[in-house]
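Open the model in your viewer and keep the selection box ready. This tour tells you what to pick next and what you will find there.

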2 protein chains.
Amino acid sequence: MATKNDMESQRLDDAARAGWLYYVAGNTQDEIAIKLGVSRQSAQRLVSLATKSRLIKVRLDHPIARCMELAHRLTEKYGLLNCEIVPSDPGAPDSTLGLSQSGAGYIEQQLRAKEPKILTFGTGRVLRACVAQISTMDCPQHRIVSLVGNMMPDGSASAYNVINRLADKVKAVHYPMPLPVIASSIEELKMLHEQKPIKSNLELARRADAAFVGIGHLGDHAPMYEDGFLDASDVESLLRAGAVGEIVGWVFDEKGSILKHPLNARVASAPLTINPENPVFGLAAGQSKIAAIRGAMLGNLINSLITNEYTAERLLQS
Amino acid sequence: MATKNDMESQRLDDAARAGWLYYVAGNTQDEIAIKLGVSRQSAQRLVSLATKSRLIKVRLDHPIARCMELAHRLTEKYGLLNCEIVPSDPGAPDSTLGLSQSGAGYIEQQLRAKEPKILTFGTGRVLRACVAQISTMDCPQHRIVSLVGNMMPDGSASAYNVINRLADKVKAVHYPMPLPVIASSIEELKMLHEQKPIKSNLELARRADAAFVGIGHLGDHAPMYEDGFLDASDVESLLRAGAVGEIVGWVFDEKGSILKHPLNARVASAPLTINPENPVFGLAAGQSKIAAIRGAMLGNLINSLITNEYTAERLLQS
DNA sequence: TATTTATTTGAATAAATGCTCACACAAGAT
DNA sequence: ATCTTGTGTGAGCATTTATTCAAATAAATA
């Protein structure tokens, strides 16, 4: 007598056959139904059983495959909206090479939209490189808003002139922030934030349809230090308070909580608010940024990530 | 500036991405279109490009009971080392569809070995299809040797460029045979075989760890005839002498004995020697090849077989 | 045995995919 | 500058595939 097990394995055999005819021989499910002498629906069920039981192995033979896999796993692990992994140069896994092309792609995608959008931007090397990658286009319908002040401590304009360059290229209206990154006192900050144009900038930032920010790390060669926004003692004090990274000046710890620290109280940038519908892209890669990136994701400071293979792997460990 | 090549490879990247999202991640083409920021039709084209460019490799990983059974009986009957039967498309039992996936599996298995191996290859449609199925990998430790000349009668290089393509994909050293398949005279053959590089190729072939050859039939549509290595009168003369098939040019009868025939005396290919420890795979299927396959097995010209269900059944009759 | 419960089936229908065509756009030729 | 020629694009439509649902069948339980 035919046991349950036999039936089962007979069914799997049929599924394998159907799967083979479908995926390898390229038959339609109609043809398979005829050849196997079952109804079309049954053939469909067999094919789908074959895939669900993983009888059919699909492989993608292209270097991108690994990146896609990593992106998928990161999306799952950190609940991201978007995630893009660019291949690492095995010789220079720390390099941010390639991030800019990918980021530029996403920025252009936003800009191609017909309906008017508000796009906000941080600063930094990676974003500047992104903007350099963007093709000139004509998007007067969009508004480009800076999240962060463009005044260097010495009063000069920021060297990473992200939004000006971008606005130039794509002919969109832009709203820079004529502010320092960190005000000299809480009083000054208050006063600055009460200026009409600044207020309206902050309001725009709040309503952003998409945001693109770099993620800085704290510690040696921290960008906030190298660019002169913080001095060595600031950095040390922040590190002692648990700082691992920074986005548009807001310093956060390994869980992604904005530090309760006097320096954070003077940060003049727009607050980091996330609407889960709208992407907030973090762009960063490299050994030194790993804790910062992980924190930013855990604390929901960003919901979309662009990084490289090496960094992605490290983010998946632990 | 973006070169044509860049564009091309960018497009393949996108195709790979789309293919991954479709086949691995199970997205619909609509979703892919949104994620990649293109129209649905373009997404469809990318997916289909991914399959057409053979970026997507599908294999069936299930021992279909009937095929296993057939393989087992063939192994017994003909004393084989390996035997793999792939399902037949009942509508096209003659087709060699599927052999290539299976063959590719065995070839990859050999290539995955750490210790250096010498692998030898014949030519033909099926082997070419096998090579197309193989994933790119990095195996500089192995040597890939051709058993058969790559020069067409008109002096051009063989259309089935099996070992070049393979070596390309897996980055192994390769040793083509810069020879015709059949020399114009015994003297010429002698002379050719005395050339140093050819001699060393033949020596490598003798020491092969595994061999993969197609099996050709003689008669109507014989590959040796269609590819211009033999003319109609040659074929007729060979058939009169009892020819049923051919491997890398060596023509044999239904018992698998290499024919004593003037044409065989001019075959420039490496001799078919079998070390019973090492697999010599024959790949072939179809009505017209049955006598040839049976001969090859009886005469110990091969000791491993990859064929399809239909052919396996016929080989077990009689 | 009667009854319940779970599976399987095919029909209908919804969704997704593939194809054809006309058009737009760019590179190269005239 | 104008004309081919080829390539890529999106719209519309045809085909194929997936899902839903109600009926049928088989298995399990009382």
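Select R54(B), in the loop between α3 and β1 of chain B. Keep in mind that this is a predicted model. R54(B) is not a glycine, yet its phi is positive, about 60 degrees. Is R54(B) buried or exposed? Exposed: R54(B) has 12 other C-beta atoms within 10 Å, and 12 or fewer is the cut-off for that class.

Now pick N300(B). This residue sits in the loop between α12 (290-298) and β11 (304-308) of chain B. N300(B) also shows a positive phi of about 60 degrees without being a glycine. N300(B) counts as partly exposed because it has 15 C-beta neighbours inside 10 Å.

**Where the chains meet**

Select β1 (residues 56-60) of chain A together with β1(B). The two strands pair in the antiparallel sense, over five bridges. Which residue of β1(B) is the bridge partner of L60(A)? Click I56(B) to see that partner.

Widen the selection to the whole contact between the chains. Here 25 residues of chain A are in contact with 28 residues of chain B. On the chain B side, α1 (4-24) and β1 (56-60) each supply at least two residues. The largest share of that side, seven residues, comes from α1(B). By class, the side of chain B that touches chain A holds 14 nonpolar, eight polar and six charged residues.

**Around the DNA**

Show DNA strand D next. From chain A, the residues around strand D are T28(A), Q29(A), D30(A), Q41(A), Q44(A), V47(A) and S48(A). From chain B, they are V38(B), S39(B), Q41(B), S42(B) and R45(B). Colour α2 (29-36) and α3 (40-52) of chain A, then α3 (40-52) of chain B: these elements give two or more residues each to the surface near strand D. Which element gives the largest share of this surface? The answer is α3(A), with four residues. The surface near strand D divides into two nonpolar, eight polar and two charged residues.

Switch to DNA strand C. Chain A brings S39(A), Q41(A) and S42(A) to its surroundings. Chain B brings T28(B), Q29(B), D30(B), Q41(B), Q44(B), V47(B) and S48(B). The elements with two or more residues near strand C are α3 of chain A and, in chain B, α2 (29-36) and α3. For strand C, the largest share is four residues and comes from α3(B). The classes near strand C are one nonpolar, eight polar and one charged.

**Chain A as a whole**

Hide everything but chain A. Count along the cartoon and you get 14 helices and eleven strands. The domain assignment splits chain A into domain 1 (4-52) and domain 2 (64-316). Colour the two separately. How many Å separate their centres? The gap between the centres is 51 Å, taken over C-alpha atoms.

Turn chain A along its principal axes. Its C-alpha atoms fill a box of roughly 90 × 45 × 35 Å. The radius of gyration of chain A is 25 Å, whereas a compact globule of 318 residues would have one near 20 Å. Buried residues make up 46% of the 318 residues in the chain. Look at contacts between residues at least 6 apart in sequence: 70% of them join residues at least 24 apart.

**Inside chain A**

Select β10 (280-283) of chain A. Both faces of β10(A) are covered. V280(A) and G282(A) are buried on one side, F281(A) and L283(A) on the other. Side chains in a regular strand alternate between the two faces of the sheet.

Add the strands beside it. β6(A) pairs with β10(A) in the parallel sense over four bridges. There, A211(A) stands opposite V280(A). β10(A) also pairs with β11 (residues 304-308) of chain A, again in the parallel sense, over three bridges. In β11(A), I306(A) is the bridge partner of L283(A).

Finish on helix α6 (residues 125-133) of chain A. Which of its residues are buried? Select V126(A), L127(A), A129(A), C130(A) and V131(A). Then show what covers them: the cover includes α5 (99-111), β3 (118-121), α7 (162-170), β6 (210-214) and β10 (280-283) of chain A.

Key
Residues numbered from 1 in each chain as written. Chains lettered and ligands numbered in written order. Predicted model: local features only at pLDDT ≥ 70, side-chain atom pairs only at ≥ 80, totals over all residues. Domains from an automatic or database assignment. Buried ≥ 20, exposed ≤ 12 C-beta atoms within 10 Å, placed from the backbone. Contact = placed C-beta atoms within 7 Å. Near = placed C-beta within 6 Å. Nonpolar A, V, L, I, M, F, W, Y, C, P; charged D, E, K, R; others polar. Pairing = 2+ DSSP bridges. Rg over C-alpha atoms; globule rule 2.2 N^0.38 Å.
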